[in-house]
Amino acid sequence: MSYTALYRKFRPTTFEDVKGQEHIVQTLQNQIKANRIGHAYLFCGTRGTGKTSVAKIFARAVNCENPVNGSPCNHCPTCQAINNGSAMNVMEIDAASNNGVDNIRQIREEIQYSPSSGKFTVYIIDEVHMLSIGAFNALLKTLEEPPSYAMFILATTEPHKIPITILSRCQRYDFKRITIDTIAARLSELMEKEQIEVEEKAIRYVAKAADGSMRDALSLLDQCIAFYLGQKLTYDNVLEVLGAVDQEVFSRLTRAVIGGDTVQSISILDEMVMQGRELGQFVNDFIWYLRNLMLVKTSDGSVEDIIDASAERLEALKSEASMVDTDIIMRYIRVLSELSGQMKYSSQKRVLIEIALIKLNQPAMERDMGSLNNRIALLEKKIEQGDFVVPQNAVAGPSVATPQPAKPKKVWDKAVPEDIQYVVNNWGAVQRHISQPYKQFLNGARFSVKGEDTLLIVFEGYAATGYGACNKPEVIEMLNTIISDEIKKQVKVELKLLETNQNFNDYYQEVISHINMEVEEEDF
């Protein structure tokens, strides 16, 4: 006989077997016992929370010949026929592959006939949000006025995609994520039945990794058992199979980041990479660890009820919480959350994580308030440890700065040639004919003179970025031609770049326009 996966082998068969959805189970049982059964139900919630299992149990319960406290007996002919799939009055439809109008029309034709066995004809439509608009419209009339023996159970993970006209005709039941404690207790129970020895710590990690899904928990546990078949399943074994990281590693990484130790942080990451850990899981688990650290930091009382961690780990978290401020932890979480989103679409995940770790260790790379607080905290820590010496003049108190005399402007004895002055006075006329982007580059330049017939255009400050683009023979030739054609002067043009530490007036005689050229305003 072939092997049956755990999630299929232990699928709930009665309402009592359903874990974590007591509010729904109790309501359905009460409806069956009081004979107040509706005609349309909508089961919605995340994957693996029991929607389809409860739908099948409910379908058997409403048709069961001998229901027990609202649950199916699973022994009568009707229950057995439904269980083995031979019953004609319970039909399960996958809307992902049967989402057309014709599929729903077929249901409308079949529903006209009363069930040959059992009390109700039950249609379980899984992933109902996948139906087309036409199919929803075809289903609408049937839901509005169904036969007395017809019942629809619609299941979906995305109820927001279902038309409001369908929603308003259904009783809606929201399946919650199952708690870690509930999943762990169920896994322990099933492992006893399977006679497989599993560490409690390993079970709890699998329960946490399942993220509220019982089916995911059973699938992960099945995978771990298969890898270590015949052996006791330990916490380290589970980490190895799932590519996860021990909490102790996150403790070391957190302390390294708090201390601003970039080398140690990257070294820990390299250690995880060499061990073959899954990097996306690594980042998500680190975010979860920092979340626990933030809760410990901000909680006034006991945090054992909201943090799933051992007593030793809680003590380590409390120790780390005393080293760092809440806003800095929130900055860590923000940076890593942004990283988690970026990693989904990147092939260089390790590089992205390294960049994020450098950001965490070196808050000066960012300019937000959280980074500023982080920088202040690191500086305070260095001062406390004696790693940073405050200069004497920084703490000597306020002092009155001695005013320095302004450096006199250099006086040039030589007069500016008339032709050069004329060109500068009429530069607006020249500028109108200069093409972009050179016109923009030249806009911030200053003018000087060389000899009797050479106009120097000097680039400095923000205008210096345009020097490389403009200092080309073809651009200089363009300027000479425009000057010659527009203002009828024959001058040479040279371009100069003023170094950062140089003062323009020390090297060049500035030529300033003697005319308030309003024509320049036309260019803007």
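A salt bridge is taken here as a side-chain nitrogen of Lys or Arg within 4 Å of a carboxyl oxygen of Asp or Glu. Asp174 and Arg172 form one such pair, with their closest N and O atoms 3.2 Å apart. The model is a predicted one, in which local features need pLDDT of at least 70 and side-chain atom pairs count only at pLDDT 80 or more, while totals for chains, interfaces and linings use all residues. Residues are numbered from 1 along each chain as its sequence is written, and side-chain values use heavy atoms, with hydrogens and water left out.

For a first overview, the secondary structure of the protein comes to 25 helices and 8 strands. These are DSSP runs numbered from the N terminus, with helices (H or I) of at least four residues and strands (E) of at least two. Of the 524 residues of the protein, 43% count as buried; buried means under 20% relative accessible area, exposed means over 50%, and partly exposed lies in between (1.4 Å probe, protein chains only). Contact means heavy atoms within 4.5 Å. Among contacts between residues at least 6 apart in sequence, 73% join residues at least 24 apart.

The interior comes next. A nonpolar core is a set of buried Ala, Val, Leu, Ile, Met, Phe, Trp, Tyr and Cys residues joined through side-chain atoms within 4.5 Å. The largest one has 35 residues, and Phe282, Tyr332 and Ile353 have the most contacts inside it. Two or more residues each come from helix 12 (247-258), helix 13 (262-274), helix 14 (279-298), helix 15 (311-321), helix 16 (326-343) and helix 17 (349-361). Helix 14 gives the most to this core, with 9 residues. Apart from it lies another core, of 29 residues, including Ile178, Ala184, Ala217 and Leu233. In soluble globular proteins, nonpolar side chains tend to be buried together.

Helix 16 can be followed along its length. It has 18 residues and reaches 26 Å from its first C-alpha to its last, close to the 26 Å expected at 1.5 Å a residue; the expected span is 1.5 Å times one less than the number of residues. Among the buried residues of helix 16 are Ile328, Arg331, Tyr332, Leu336, Ser340 and Met343.

Charged pairs offer another way into the structure, which holds 24 salt bridges. In the pair described at the start, Asp174 is partly exposed, at 39% relative accessible area, and Arg172 is partly exposed too, at 44%. The side chains of Arg252 and Glu248 meet at 3.1 Å, N to O. Because Arg252 and Glu248 are 4 residues apart in helix 12, about one helical turn separates them. Arg255 forms a salt bridge with Glu320, the closest N and O atoms being 3.2 Å apart. Arg255 lies in helix 12 and Glu320 in helix 15, so this pair ties together parts that are 65 residues apart in sequence. Arg255 is partly exposed, with a relative accessible area of 34%, whereas Glu320 is buried, at 0%. Arg186, Glu189 and Lys193 are linked in a network of salt bridges.

Finally, helix 2 (residues 22-34) and helix 3 (residues 51-63) have axes that come within 11 Å and cross at roughly 10 degrees. Axes are lines fitted to C-alpha atoms, for helices over the stretch in contact, and angles run from 0 to 180 degrees between N-to-C directions. Angles under 35 degrees count as roughly parallel, over 145 as roughly antiparallel, 65 to 115 as roughly perpendicular and the rest as oblique. Helix 2 and helix 3 are therefore roughly parallel to each other. Leu28, Gln31 and Ile32 in helix 2 meet Val54, Phe58, Ala61 and Val62 in helix 3.
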